[in-house]
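Okay, thanks everyone, I'll keep this brief. I want to walk you through two contact surfaces, so have a look at the screen.

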Amino acid sequence: MTAAMEPAAALAATTPVSTRGPAGLAWRRFRRHRMAMVGLVTLGVIVVAALLADVIAPHHPNEVDLAAFRQAPSAEHWLGTDSAGRDVFARLLHAGRISLGVGIAASLISVAIGTLLGAVAGLFRGWADTVIMRTADIMLSFPALVVIIVVAGVLGPSVVTLVLAMGVFGWPAAGRVVRGVTLSVREREFVKAARSFGAGGWWLITRHLVPAALGPVTVVATLGVAQAIMAEATLSFLGLGVEPPAASWGNMLTDAQNLTLISSMPWMWLPPGIAVALTVLAVNFVGDGLRDALDPRTTLGALR
Amino acid sequence: MSALLEVRDLVVEFGTEAGTVHAVNGVSFDVEPGEMLCVVGESGSGKSVTAMAVLGLLRRPPARVSASGIRFRGEDLLAATPDRLRALRGDDISVIFQDPMTALNPVHRVGKQIAEVVRLHRPVTRKQAWQRAVDLLTLVGVPDPDSRARQYPHEFSGGMRQRVMIAMAIANDPALLIADEPTTALDVTIQAQVLGLLRKAQRETGAATILITHDLGVVAEMADRVVVMYGGAIVEQGDVTTVFAAPRHPYTLGLLESLPRLDRDTEELTPISGSPPNLVAPPVGCTFAARCPVAAGRDRCVTERPGLVPLAPGHASACHFHEELVMAR
Amino acid sequence: MTATLTDEIVGVEDLRKFFPVRGGVLRRQVAAIRALDGVSFSLRVGETLGLVGESGCGKSTVGQILVGLTTPTSGTVRFRGVDVETMPAADRRELRCAIQIVFQDPYSSLSPRMTARELVSEPLRVQGGYRSGGRDRVVELLEMVGLSAEHLNRYAHEFSGGQRQRLGIARALALDPSVLVLDEPVSALDVSIRAQVVNQLATLQRELGLAYLFISHDLSVVRHSCDRVIVMYLGKVVESGDKLDIFERPAHPYTRALLSAIPLPDPALRDRPDRIVLSGDVPSPRNPPSGCRFRTRCWKAQDVCATTEPVLTPTQSGTQSVACHFPEQQ
């Protein structure tokens, strides 16, 4: 037999010579998505800056310079200093570590829980499905932020509590997506084939259902990171998230509760505000790009 | 008599991620008034794309369509405005698709949908159009048409839906009917009904019919003339008896030889080796050369694309060595 | 049935499968789709048994039951003479390996996220047989179906339809089965590819001594490939017999109609006078006709057909059975 492809397949897929997995094809589509690439580059810059905070920032984030508090930006303090005389630029970069870290960790936890529960619900149906999905409904009907505030109030505010609370409350989004994918994939013949030669539930979930759901789950996870960063900022702003002196974008904004500061000292709140907005926007662009790259229905549309 | 439809040098390409797919490469054919022309080919042969291009139904882009002429009753369809094409479709030219469920609107009554087609092209009242719908359902053999007209598509079986599609297609007495794999989704006993109905519809309306199919049985059953397509080009055309009895292209011959027969026993099937060509990078020479027993060891087949040459009135083959196939069967 | 237990490898007895139809607020069962309603047959070692009929006749459900994708509502499945129901767990595991299935759609039946090697080795990995020498086994399987080691790392979308179906066959052969359920194995393939796969299946059967349950609506392919044929209509067997019985001497009106409905690739046979075109549609299996299920479309139907269900009875030839009050006399 020759390596020639069937024309129908050629229309939908790729050249017959190179070996490309589904991930390779998705990446190729992603690269053509201009906004997503802008988002990815922006995000990359933010992540690198946060990781290299010690190298880039000339000051320690918690170093208090009592002689110079609430100073406007200068050559010494690029973004000025805050009410305690700490360097805003250094705090901004270090805060980025915490904010991004919290966002990614919380999103990963919720996606992991959601993927497993969604796959179990979709594969086994019956009472497992009912219990899992009704629980998801109940959790979605709660105002999550209020619940997290209560939890943080009871357990005391800490980064770990914050991550766990957001992680646990975030799973229904991923759960629903994965269940949906599972319901359609379990009827596909390659899953039936696996069942026919004796594959059990765990095999089906790990080898077929989760890989099939990986695309949509990645999108949910990405958008989840943005949500978690926003939630972290909100809670920290309210004093229920990341505890000072550790810096996060949210608790840096706490200073902006003062009307005088808002009007006269924008360097204290504008940078973290912009950082949150920029990060969330970049993450969302990447998420949209991923969705388009991973959804085969848009394959031909993206070519125009 | 001049042809009802003339297609000259039709080329259709699709831009895809993998490169340009050359779906149709210079196809020319005529449809005479009132004839039943079967276009037969496998998936990727370009048979459906050809029909969709004629109808102006390809989305552009990704499709690119060019031709030196697509003329219906002398009118250039390639230059026609979208409005003009819409006016033609459903009136002088109508289509029957493989899957009637996607072609019918699930939220409207079947009778209303047929009546709409009539009202779109004819100055009739709502009541007259409805009556015409009921008459058409009667004509296509839908039992109890008065009450069936008031039902929704999901209340019809696959075969009945295809009857409804035929009723819609002949509602305005078209001059040309294009049926794209109209029975592929149907069971054989239902297929027999629908094919019979298509013939009846053709008789009643006198419409020329282009029947697109992959099934040589359907071709033998229905066609006056047959066009055989492979890899985006016509490889053979002629009247159905001649083409089946004395094919002059190795692909046609190979297809006929590879078929298992219902009416007699066959020891081993004679397959065509290999796979259809990759239309992203179609071969320079004959598209069938890589699979062709006649082409084995012959440079000309690999380097030079054969054109369709007339062999006898109405019979043509696109093979450099067609004369070797005389009496091959 | 006619097969003795010694040459039977798989047998089914009075197989029934009802799918519940639920309705109302409480999701109570309000009706049942009788997909299979008392089907019995034997598949013999090394033979090809055709299971034919139109959509909804239950032929695919039989295949799904045999490979354990669904359980019958009632009836028994025998494997090498032993009731599967009462089998010890170890034997049942062996049964999972012994009967394998090839699906119709070569696109849907292969995971788009796996390479040829992963696809073909999946049964071995599931059953724990993929350790040392696993790659060699995969290459051996690929070569058995006319592919080669160079295809190992390609993804499914990089194969043509015919090659994909070969991959599906290689996967089904991985566990050394003795029975293959072929569920419309060539129906989704292009005409020029069909013959290749049909021949490949015949070669494999000869070399490996496989028994095939060949489920198909394409009677031309069935005539070519099968030794014996069972014709089904609405969940019941209406006729069974050797290939020549069914194709040359069909006794049931439905078999006759089915055969004559198929367009022959020969314009000279057009409008043959013995052509039977059935009227009407296949009734819903949710509410099948009383008596003989075919009577609503049958030109021979009498009063008795509505009141008494015909049983599958052997004809004089001994190899053929028919369920009809008025069978064709040959």
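Let's start inside chain B: 28 residues of domain 1 of chain B are in contact with 23 residues of domain 2 of chain B. Keep in mind that this is a predicted model.

Where are those two domains along the chain? Domain 2 of chain B is 93–171, and domain 1 of chain B comes in two pieces, 5–92 and 172–325. Going by C-alpha atoms, the centres of the two domains are 28 Å apart.

So what does domain 1 of chain B bring to that contact? Strand 8 (176–180) and helix 8 (188–205) of chain B each put in at least two residues on the side touching domain 2 of chain B. Helix 8 of chain B gives the largest share of that side, with 8 residues. Sort that side of domain 1 by class and you get 16 nonpolar, 5 polar and 7 charged residues.

Okay, now over to the neighbouring chain. Between chains, 31 residues of chain C are in contact with 39 residues of chain B. Which helices of chain C supply at least two residues each to the side that touches chain B? Those are helix 6 (191–208), helix 7 (219–225) and helix 9 (253–261) of chain C. Among them, helix 6 of chain C has the largest share of that side, at 6 residues.

And the make-up? The side of chain C that touches chain B has 16 nonpolar residues, along with 9 polar and 6 charged ones.

That's my bit, happy to take questions.

Note on methods. Residues are numbered from 1 along each chain as its sequence is written. Chains are lettered from A and ligands numbered from 1 in the order in which they are written. This is a predicted model: local features need pLDDT of at least 70, side-chain atom pairs count only at pLDDT 80 or more; totals for chains, interfaces and linings use all residues. Two residues are in contact if their C-beta atoms, placed from the backbone, lie within 7 Å. Helices (H or I, at least four residues) and strands (E, at least two) are DSSP runs, numbered from the N terminus. Ala, Val, Leu, Ile, Met, Phe, Trp, Tyr, Cys and Pro count as nonpolar, Asp, Glu, Lys and Arg as charged, and the others, Gly among them, as polar. Domain bounds come from an automatic or database domain assignment.
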